[in-house]
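This briefing is meant for a reader who is meeting the structure for the first time. Please keep the sequence and the 3D view open while reading the points that follow.

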Amino acid sequence: MDYEIVIGLEVHTQLKTDSKLFCNCVTTFGAEPNTQTCPVCLGMPGVLPVMNQKAFEYALKVATALNCNIAASTKFDRKNYFYPDLPKNYQISQYDIPIAQNGWLEIGSRPTVQQSGSKKIGITRVHLEEDAGKLIHLDEGTEKLNNERTSSSVSPSFSSLVDLNRAGVPLVEIVSQPEITSPDEAYQYLIALKSILIYLGVSDCDMEKGSLRCDANISLRKKGDSKLGTKTEVKNLNSFKAVAKALEFEANRQATLLNDRKEVVGETRLWDEEASETRSMRSKEEIQDYRYFPEPDLMPFTIFASLLDAVRKSIPELPTQRKERFIRQYQLSEYDAGVLLQDKMLADYFEECVKLYDNPKSVSNWLAGELMRYLNDKKVEIGQLSVKPDRLVGLLKLFDDKKITSTAAKDVWAEMLKGKSSASEIVSQKGLSQISDDSVIEGFVKEVISKNEKIVGDYKGGKKTALEALLGQVMKVSKGKAQPDKVRELLKKYLDS
């Protein structure tokens, strides 16, 4: 039986503020456990929350960038639930009057797939809330914990430790409409959303640090039906690839149940990365379980037009706009522009190069090829790259001016990554300059023809690809220095005569 997949995503992103949402505790990552807390974020009796204005403005920036309708006024609510990492036993969040509602986010196809097309995914709401703390489970990290703490500080009867440094850190929650129809669309939605958040400068979106977290809701229904099926929520998703894998597994699991005429239970499930499967965690909470009521210690907020105007003016060029400009200004294809726009730092690096060298296509090709290959192999970000734009441009000019071959260019690039020498210095030191003297190249060509009678015979017998094999042999003999165009020209001259 054929089913339609219906997916909605709930994304929480920590805002990059210096202090927490309702107190002055710092929000830096990696401090000793429970050293960034105070009576307010610990929920001590008699304390009062005070709104972080920067966090409020950041939330408005996110909502504006996602094309949402901003509320004229908003309020905060207490969301009551009992977890060890929530010291107040409630979370200050927003329920019925969030900061913004009814927006949209445009997604495209994967940049690795050369096809165009886009789709708008609705945004149900954007709201602001405080984060909870973090549980450190001993069965998952006993050795690490024992190395970091004295044995007397960890009682054998405890199964988990609590770190409250994160409690009270400002979060923006972004809830999509259930309009995502495949795991790949979910992946593209997250890529597009992360890119916007980074361009806005409101979050570093580092999933390893917990700055960006995603819960996925998925259900299946018969094709053509309008009624939604029973949904499950999947948690513990620590990467965008994990989101796609978990949704694919869950779609197949639910389809198997429905085909066997079994019921899909509404529940929260955990993604087990090692086993590549979801596991039941608990029954899904309903709205009434949280017993929302207005936060009595915070008055409702009026969002004045002057504040909104200031926020709108502070929004930079966003990824979609930048992509359109790259296509228009630099004459790049939609595909090439999409590759560069995957990473803001990569796009910034590209523009720095183009300022120094007005050959956008050449720069784009190198970044999408050799540079991306290096970053992926070494698992580093472009900000960690030792080769700055001026040095790369020096290499590209030598290659484009045909002073070095493509083989030599790759050798020079490898050397540039190891040290601080310029491309021209490396070419000079290693004798990599391209040979363009016809008489020298002619000698290489004659040598190769005389030693490869079979390939020459294949060419004369009509196998034109043999020419490329001979060209490769000439390049090998010349140690990659012969100018390929002249090699090809002289090969054809001698072979066709």
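Asp-2 is placed in the segment that comes before strand 1 (3-14), in what is a predicted model rather than an experimental one. The model contains 16 helices and 16 strands, and the average pLDDT of the protein is 88, with 93% of the residues scoring at least 70. The points below begin with the start of the chain, turn to the protein as a whole and to the confidence of the prediction, and end with a handful of single residues.

**The start of the chain**

- Asp-2 is exposed, its relative accessible area being 54%, which is over the 50% that marks an exposed residue.
- Although Asp-2 and Leu-220 are 218 residues apart along the chain, their C-alpha atoms are separated by 9.6 Å.
- Once neighbours within four places in sequence are set aside, Asp-2 is in contact with Arg-221, Lys-222 and Lys-223.

**Overall form**

- The radius of gyration of the protein is 29 Å, whereas the globule rule gives 23 Å for 497 residues, and because the model's value is well over that figure, the protein is more spread out than a compact globule.
- Taken along the principal axes, the box filled by the C-alpha atoms is roughly 95 × 55 × 55 Å.
- Of the 497 residues, 46% count as buried, while the protein as a whole exposes about 25,900 Å², of which carbon and sulfur atoms supply 49%.
- Among the contacts with a separation of 6 or more, 70% are accounted for by residues that lie 24 or more positions apart.
- The protein carries 69 positive and 71 negative charges, and the mean positions of these two sets are 4 Å apart.

**Confidence of the prediction**

- Among the elements of the protein, strand 10 (residues 170-176) has the highest mean pLDDT, at 98, and helix 2 (residues 138-148) has the lowest, at 50.
- Over residues 111-115 the pLDDT is below 50, and this stretch has eight contacts in the model beyond near neighbours in sequence.
- The pLDDT is also below 50 over residues 140-157, a stretch with nine contacts in the model beyond near neighbours in sequence.
- Where pLDDT is low, the predicted coordinates should not be read in detail.
- Leu-138 is found in helix 2, and with a relative accessibility of 13% Leu-138 counts as buried.
- Leu-138 and Asp-309 are 171 residues apart along the chain, and their C-alpha atoms are separated by 49 Å.

**Two asparagines with positive phi**

- Asn-89 is not a glycine, yet its phi is positive, at about 65 degrees, and this residue is found in the loop between strand 4 (77-80) and strand 5 (90-93).
- With a relative accessible area of 32%, Asn-89 is partly exposed, because this value lies between the 20% under which a residue is buried and the 50% over which a residue is exposed.
- Asn-236 likewise has a positive phi of about 65 degrees without being a glycine, but Asn-236 is found in strand 12 (residues 232-237).
- Asn-236 is partly exposed, and its relative accessible area is 48%.

**Two buried residues and their surroundings**

- Pro-98 is found in the loop between strand 5 and strand 6 (100-108), and Pro-98 is buried, with a relative accessible area of 2%.
- Not counting residues up to four places away in sequence, Pro-98 touches Ala-71, Thr-74, Arg-125, Val-126 and His-127.
- Thr-37 lies 61 residues from Pro-98 along the chain, and the C-alpha atoms of the two are separated by 27 Å.
- Val-354 is found in helix 8 (residues 344-356), where its relative accessibility of 9% means that Val-354 counts as buried.
- Tyr-330, Pro-360 and Val-363 are the residues that Val-354 touches when those up to four places away in sequence are not counted.
- Val-354 and Ser-280 are 74 residues apart in sequence, and from C-alpha to C-alpha they are 52 Å apart in space.

Methods
Residues are numbered from 1 along each chain as its sequence is written. This is a predicted model: local features need pLDDT of at least 70, side-chain atom pairs count only at pLDDT 80 or more; totals for chains, interfaces and linings use all residues. Side-chain values use heavy atoms; hydrogens and water are left out. pLDDT is the predictor's confidence in each residue, from 0 to 100. Helices (H or I, at least four residues) and strands (E, at least two) are DSSP runs, numbered from the N terminus. Contact means heavy atoms within 4.5 Å. The radius of gyration is taken over C-alpha atoms; the globule rule is 2.2 Å times the number of residues to the power 0.38. Buried means under 20% relative accessible area, exposed over 50%, partly exposed in between (1.4 Å probe, protein chains only). Accessible areas come from the Shrake-Rupley method with a 1.4 Å probe; for residues, only the protein chains shown count as cover. Lys and Arg count as positive and Asp and Glu as negative; His and the chain ends are not counted. The place of a charge is taken as NZ of Lys, CZ of Arg, CG of Asp or CD of Glu.
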